[in-house]
Amino acid sequence: AINTQLSLDETYGDITPVRYSSNGLSSFVSIMRGCENMCSFCIVPFVRGRERSRSSDSIVDEVKKLSEQGYKEVTLLGQNVNSYNDLTGTQRVLNDSFDAPSSGFKTISKRPKLGVGFTELLYRVSEINPEMRIRFT
């Protein structure tokens, strides 16, 4: 067996991807690496390491560049985008309209106490270009 050491903090957020044979309309933007779910059937945590989120600023900058280049759609990628949490800031960005469930609903998910969550990231990305389609998977 090979002893592989996986980084706990490397996100490659400072690397701008080169897009070959792009259609110029749709693009993928990686927002996180790894996974912490440890599903019995899945190898991702063992080959990609623990969950690490890119900084929200680097994601917003990448989407801005794509918008300036004429892209009409971006898809935010991650193994589990709902658990996105940018810890580069020191405070939790609280926005009750995003973080609180609608009337009559409750949640069992644990919200992080610090950082920028996925709903806030979606909001920041959507403000870049109101006509750009934002998808995630």
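Phe136 counts as partly exposed, at 43% relative accessibility; partly exposed lies between buried, under 20% relative accessible area, and exposed, over 50%, with a 1.4 Å probe and protein chains only. The model is predicted, so local features need pLDDT of at least 70 and side-chain atom pairs count only at pLDDT 80 or more, while totals for chains, interfaces and linings use all residues. Residues are numbered from 1 along each chain as its sequence is written, and side-chain values use heavy atoms, with hydrogens and water left out.

Phe136 belongs to an aromatic pair, and the structure holds 1 such pair. Its partner is Phe118: the ring centres are 5.0 Å apart and the planes stand at 80°, so the pair is edge-to-face. Rings of Phe, Tyr and Trp (its six-membered ring) pair if their centres lie within 6.5 Å; planes under 30 degrees apart count as stacked, over 60 as edge-to-face and the rest as tilted. Phe118 lies in helix 4 (residues 118–126) and Phe136 in strand 7 (residues 133–136), so the pair ties together parts that are 18 residues apart in sequence. Phe118 is buried, with a relative accessible area of 7%.

These elements belong to a protein chain with 4 helices and 7 strands, both being DSSP runs numbered from the N terminus (helices H or I, at least four residues; strands E, at least two). Along the sequence the pattern reads β-β-α-β-α-β-β-α-β-α-β.

Strand 7 pairs with strand 4 in the parallel sense over 4 bridges, where pairing requires that DSSP finds at least two bridges between two strands. Within this pairing, Val74 has Ile134 of strand 7 as its bridge partner. Strand 4 (residues 73–77) is also joined to strand 1 by 5 bridges, and these two strands run parallel. Here Ser26 stands opposite Glu73, and Phe28 has Thr75 as its bridge partner. Of the 5 residues of strand 4, 4 are buried, so the strand is largely enclosed by the rest of the structure.

Thr75, in strand 4, counts as buried at 5% relative accessibility. Leaving aside residues up to four places away in sequence, Thr75 touches Ser27, Phe28, Val29, Arg135, Phe136 and Thr137; contact means heavy atoms within 4.5 Å. Strand 1 (residues 26–30) has side chains that alternate: Ser27 and Val29 point to one face and are buried, whereas Ser26, Phe28 and Ser30 point to the other and are not.

On the surface, Met38, Ile43, Phe46 and Val47 make a nonpolar patch of about 420 Å². Patches are made of residues with over 30% relative accessible area and no salt bridge (a side-chain nitrogen of Lys or Arg within 4 Å of a carboxyl oxygen of Asp or Glu); like charges are joined within 9 Å, and nonpolar side chains (Val, Leu, Ile, Met, Phe, Trp, Tyr) within 5 Å. Ile43 is found in the loop between strand 2 (32–33) and helix 1 (44–47) and counts as exposed at 55% relative accessibility.

For the protein chain as a whole, buried residues make up 31% of the 137 residues. Among contacts with a separation of 6 or more, 72% are between residues 24 or more positions apart. The accessible surface comes to about 9,600 Å², of which 51% belongs to carbon and sulfur atoms; accessible areas come from the Shrake-Rupley method with a 1.4 Å probe, and for residues only the protein chains shown count as cover.
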